Amino acid sequence: MDLISQNHHSRNPNTSLSTQTPSSFSPPPSPSRYENQKRRDWNTFCQYLRNHHPPLSLASCSGAHVLDFLRYLDQFGKTKVHHQNCAFFGLPNPPAPCPCPLRQAWGSLDALIGRLRAAYEENGGAPDSSPFGSRSVRIFLREVRDFQAKSRGVSYEKKRKRVNNKQITQSQPPLPQQPQQEQGQSMMANYHHGAT
């Protein structure tokens, strides 16, 4: 009896750790794919600012610098964007190759700006002063979307739901054409002419 009680009292203190729940030692959850991509995008943008001549601080960054960054990224794009004088302009599936440039797809740019806006705010930036939400960036993205839709023969409009098998609801009438703003024209000038 004494031997059992001595063994009971002389237990190795390290064995008491095994009684703790395994959840107290579980590692923190790994960041989501979105969070990882957002971090990479933010690091890329900050690197772009550091490499700018002269280097830019985040506080001095404007919508114009964001547009320069988006144009810089075009050189890494994989989406064929046909010029207006290309024989394949407006064809969704061109039958042959052409010399038109590869660009970043509008959807990729739109998602990138969304992630950068979120990262900007997470890094202490005020939402109302975000260069990623500037009017010039919004106009640029809208013009890229419209031009790529025409160039590639794809529609970004959502398809209307069917009412029944025989009848489809009419699509909304087109909005009246607004005069193109000079600022928007200058933003897209380089895009149309193949500058990177």
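The following paragraphs lead from the overall fold of the protein chain to its aromatic residues and then to one of its helices.

The structure is a predicted model. Its protein chain contains six helices and two strands. Followed along the sequence, these elements occur in the order α-α-α-β-β-α-α-α. The chain has 196 residues, of which 31% are buried. Its accessible surface amounts to about 14,200 Å², and carbon and sulfur atoms account for 53% of that area. Among contacts between residues at least 6 apart in sequence, 67% join residues at least 24 apart.

Aromatic residues offer a way into the interior. Across the whole structure, a search finds ten aromatic pairs. In one of them, the ring centres of Trp 42 and Phe 45 are 6.3 Å apart and the planes meet at 35°, so the pair is classed as tilted. That class covers plane angles that are neither under 30 degrees, which would count as stacked, nor over 60, which would count as edge-to-face. A pair of aromatic rings is described in this way, by the distance of the centres and the angle of the planes.

Where do Trp 42 and Phe 45 lie? Both belong to helix α2, which spans residues 33–51, and they are three residues apart, about one turn of the helix. An α-helix has 3.6 residues a turn, so residues three or four places apart point the same way. Burial is assigned under 20% relative accessible area. Trp 42, with a relative accessible area of 9%, is therefore buried, and Phe 45, at 0%, is buried as well. These two residues are also members of one aromatic cluster, which further includes Tyr 48, Phe 69, Tyr 72, Phe 76, Tyr 120 and Phe 132.

Tyr 120, a member of that cluster, leads to helix α4, where Tyr 120 is one of the buried residues. Helix α4 comprises residues 106–122, 17 in number, and reaches 24 Å from its first C-alpha to its last, close to the 24 Å expected at 1.5 Å a residue. Its buried residues are Trp 106, Leu 109, Leu 112, Ile 113, Arg 115, Leu 116, Ala 119 and Tyr 120. What covers them includes α2, together with α3 (63–73) and α5 (135–152).

Both ends of this part of the chain merit a closer look. At Trp 106, the charged end of Arg 145 sits over the ring, 6.0 Å from its centre. After α4 comes Gly 124, which has a positive phi, near 95°.

How values were computed. Residues numbered from 1 in each chain as written. Predicted model: local features only at pLDDT ≥ 70, side-chain atom pairs only at ≥ 80, totals over all residues. Heavy atoms only, no water. Helix = DSSP H or I, 4+ residues; strand = E, 2+ residues; numbered from the N terminus. Buried < 20%, exposed > 50% of the residue type's maximum accessible area, 1.4 Å probe, protein only. Contact = heavy atoms within 4.5 Å. Areas by Shrake-Rupley, 256 points an atom, 1.4 Å probe, with all protein chains shown as cover. Phe/Tyr/Trp six-rings, centres within 6.5 Å; stacked < 30°, edge-to-face > 60°. Lys NZ or Arg CZ within 6 Å of the ring centre and 35° of its normal. Expected span 1.5 Å × (residues − 1).
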